[in-house]
Amino acid sequence: MPFNYGCASFFTNGKQVMKDIRIGILGFGTVGAGVVEGIQRNGALMAERTGINPVVARVADLDIETDRGITVPDGVLTTDAMSVIADEGIDLIVELVGGTGVARTFTLEALRQGKPVITANKALLADHGEEIYQAARENNTGIYYEAAVGGGIPILRSQRAGLIGNRIESIYGILNGTCNYILTRMEREGLPFDEILADAQALGYAETPPDLDIDGDDTAHKAVVLASMAYGAPVPMDACTTKGIRGLSESEIANADEMGYRIKLLAIIKDNAGKVELSVEPALVPKTHMIASVDDAFNAVFVKGDIVDDTMYYGRGAGRLPTGSAVIGDIMEAAADKLHEVGTPVSVTMMLQKDGLEYCSADNIEKRCYIRLSLLDKPGSMGKVMEILGRHNISIASVVQKERHEEGCAPVVVLTHKAKEAEFVAAIDEINGLDVSGADPVRMRLEDFE
Ligand code: HSE
């Protein structure tokens, strides 16, 4: 039976019995070093609290020469990851190699050997989650992946423990620190996208190259893991409509600001009448909503359950120690599960409740939008646009025309009420074809959380 709501202490006749758990870490990069540092710093505290003493027994990496700023005892480092997995003295494996190649091989091999695997690898779960959860279940062991979503924020543990009695109505996430950092500084300082991206890279927030961050795929990887857990089956990446913030202009940030909104790269996950709605997209959010106040490289996840109502979780979404903290939490939970002979933990059963899920077609999703048009500044231009929007059942919430700043054309910013995505696409296509239309319209979702 799955039982893993926390790390249980081991007591005999009222005395705590200490049990060692021997850990094999694959990948000694940023997060691997953070895990080792965290255990060195607080391992004794963890042992006091739980009766489980975490011992970093082996660490594998192709590069065992580079100084990571921490020392490990002689004989711990190796370049041979498979020997760590096969080592009978290792109780559990921590996969921090990254990517979907050897990381998949190592993970499946460890699970086949009945060893629990802890991973921070969101791309691996997004692309191969089903195979991995099934392998864990078939081999009567667990896969634990708190660090894959939201860095140090214990959001998955919250979903599968504190919120276990809830049906999840919606989740909104700011899940990429790089994008949030860029958007925050664009708004605060009015600087262009490219300049701030270079800073984000220098600060080590962004992946190299940063495409996975700024094109939204990193957020989408995390969103499908959240959605899979919320709705009970592995969600494929192609179920997520993904758009990033590449090329977002300062005009959009300034227009949103003037109208009382901020732009955030949001993961949007909803139960939409029994179908899963899933997207990653830049969206205007009201400045008065808590999620709008999440700045810099921080992450936040806003979860609405049918019993608990609104909850929000906030913290560092990346980095050596915050992500290390999430991995360590999983190590202790996996250790307790192993010592209690739990078999298949909740982190696996929740992903495999159903054979599959139904998804909303992107065309049918109803949403509010921000539309920036460029219209010839002459009589009738606005009328033509309004006629098209009306004919597509798109109702206007507000419209602002600015003084023109380019030859012949004036920017017009429209905020709409809810309408179907397919209608927006068709209307914008028609507007583009008008003889009064200048530069291509820009359209973004407006999410008012109603
Ligand atoms: N590059 C990622 C971010 C790191 O900026 O959030 C964690 O996935």
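**Ligand contacts and a bent helix**

Biologist: Which ligand atom does the backbone of Tyr205 approach, and at what distance?

Modeller: This is a predicted model, where local features need pLDDT of at least 70, side-chain atom pairs need 80 or more, and totals for chains, interfaces and linings use all residues. Residues count from 1 along each chain as its sequence is written, and side-chain values use heavy atoms, leaving out hydrogens and water. For Tyr205, a backbone N or O atom pairs with a ligand nitrogen atom (N or O atoms within 3.5 Å count), at 3.0 Å.

Biologist: Which residue puts a polar side-chain atom 2.8 Å from a ligand oxygen?

Modeller: Gly177 also lies 2.8 Å from an oxygen atom of the ligand, but through a backbone N or O atom. The side-chain approach belongs to Lys222.

Biologist: How much of the ligand does the protein bury?

Modeller: On its own, the ligand exposes 260 Å² (Shrake-Rupley, 1.4 Å probe). Of that area, the protein buries 91%.

Biologist: Which elements give two or more residues to the shell around the ligand?

Modeller: The surrounding residues (a heavy atom within 4 Å) include Lys122, Asp213 and Gly317. Helices here are DSSP runs, H or I, of at least four residues, numbered from the N terminus. The elements you want are H6 (177-189) and H9 (217-231).

Biologist: Where does helix H1 bend?

Modeller: H1 covers residues 30-50, and just after it Gly51 takes a positive phi of about 80 degrees. The bend (between axes fitted to the seven residues ending and the seven starting at a residue) is about 65 degrees, at Asn42.

Key
Polar contact = N/O pair within 3.5 Å; in protein donor to acceptor, adjacent residues only side chain to side chain.
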